[in-house]
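I opened the notebook today to look up a few side-chain neighbourhoods, working one at a time and writing down what I found.

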Amino acid sequence: MTAVAVNPEALKNAVTAALGELVRRIEVRLDEVTVEVAPKDYRTAAMLLRDAPGCQFEQLIDLCGVDYSAYGDGAWEGARYAVVSHLLSVSLNQRVRLKVYATDDEFPVLDSLTSVWAAANWYEREAFDLFGIVFEGHDDLRRILTDYGFIGHPFRKDFPLSGHVEMRYDAELQRVVYQPVSIEPREITPRIIREDNYGGLK
């Protein structure tokens, strides 16, 4: 017997009832429920969403960082970094998006969810590596996609397209060396050049 998909408004009510005062904001858009909580309530909210009747989100299926610094042509006025988690309840056939903003733009720190869902392990390492978001309580928070000597966090909006350093193998030293990027930054904007009277236009 397959589970019947839950009405988004009913799910919104179930999440609101489970989280109570921990809810900062909750909305339904495109038939999807997104709930925002404060950083101090992040781990507690995750445990409630996992265990509360009517929620039962047994699986974390995705967790990613977001940099809002260039959002809306730079008109964003909130915290710069957020973490968005997508949760799945297999038993109730429903999904919810859990969002939290880090309070410090210079050094974003949030609680780790690895003790709630083991699947958070690699996702949090990825968000740390690419956005520089630190997850307090993570047992093995280190880079996962870039090299250990990599400088910076490449998914931050202010990270240069060509990076800060490049690496190459030095035959004399017989090891990999890092040096400043030798490529001149350039803007690649395609130009449209049309012949006279192209398409019959004058």
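Which residues does V177 touch, not counting residues up to four places away in sequence? Working in a predicted model, I found that V177 touches E166, M167, R168 and D170. I placed V177 in strand β9, which runs over residues 175–180, and I noted that the C-alpha atoms of V177 and E166 are separated by 8.4 Å although the two residues are 11 apart along the chain. I also looked up the exposure of V177 and entered this residue as buried, because its relative accessible area of 10% is under the 20% cut-off.

Next I turned to the aromatic rings, where the count came to three aromatic pairs. One of them is formed by Y68 and Y101, a tilted pair at 5.7 Å centre to centre with 40° between the planes. This pair links distant parts of the chain, since Y68 sits in the loop between β3 and β4 while Y101 belongs to strand β5, 33 residues apart. Both Y68 and Y101 are buried, and together with Y71 they form one aromatic cluster.

I then looked up F131 and F155, whose ring centres are 5.7 Å apart and whose planes meet at 80°, so I entered the pair as edge-to-face. Here too the pair links distant parts of the chain, with F131 in helix α3 and F155 in the loop between β7 and β8, 24 residues apart. F131 has a relative accessible area of 9% and is therefore buried.

My last entry concerns R125, whose charged end sits over the ring of W122 at 5.8 Å from the ring centre.

Note on methods: Residues are numbered from 1 along each chain as its sequence is written. This is a predicted model: local features need pLDDT of at least 70, side-chain atom pairs count only at pLDDT 80 or more; totals for chains, interfaces and linings use all residues. Side-chain values use heavy atoms; hydrogens and water are left out. Helices (H or I, at least four residues) and strands (E, at least two) are DSSP runs, numbered from the N terminus. Buried means under 20% relative accessible area, exposed over 50%, partly exposed in between (1.4 Å probe, protein chains only). Contact means heavy atoms within 4.5 Å. Rings of Phe, Tyr and Trp (its six-membered ring) pair if their centres lie within 6.5 Å; planes under 30 degrees apart count as stacked, over 60 as edge-to-face and the rest as tilted. A charge sits over a ring if NZ of Lys or CZ of Arg is within 6 Å of the ring centre and within 35 degrees of the ring normal.
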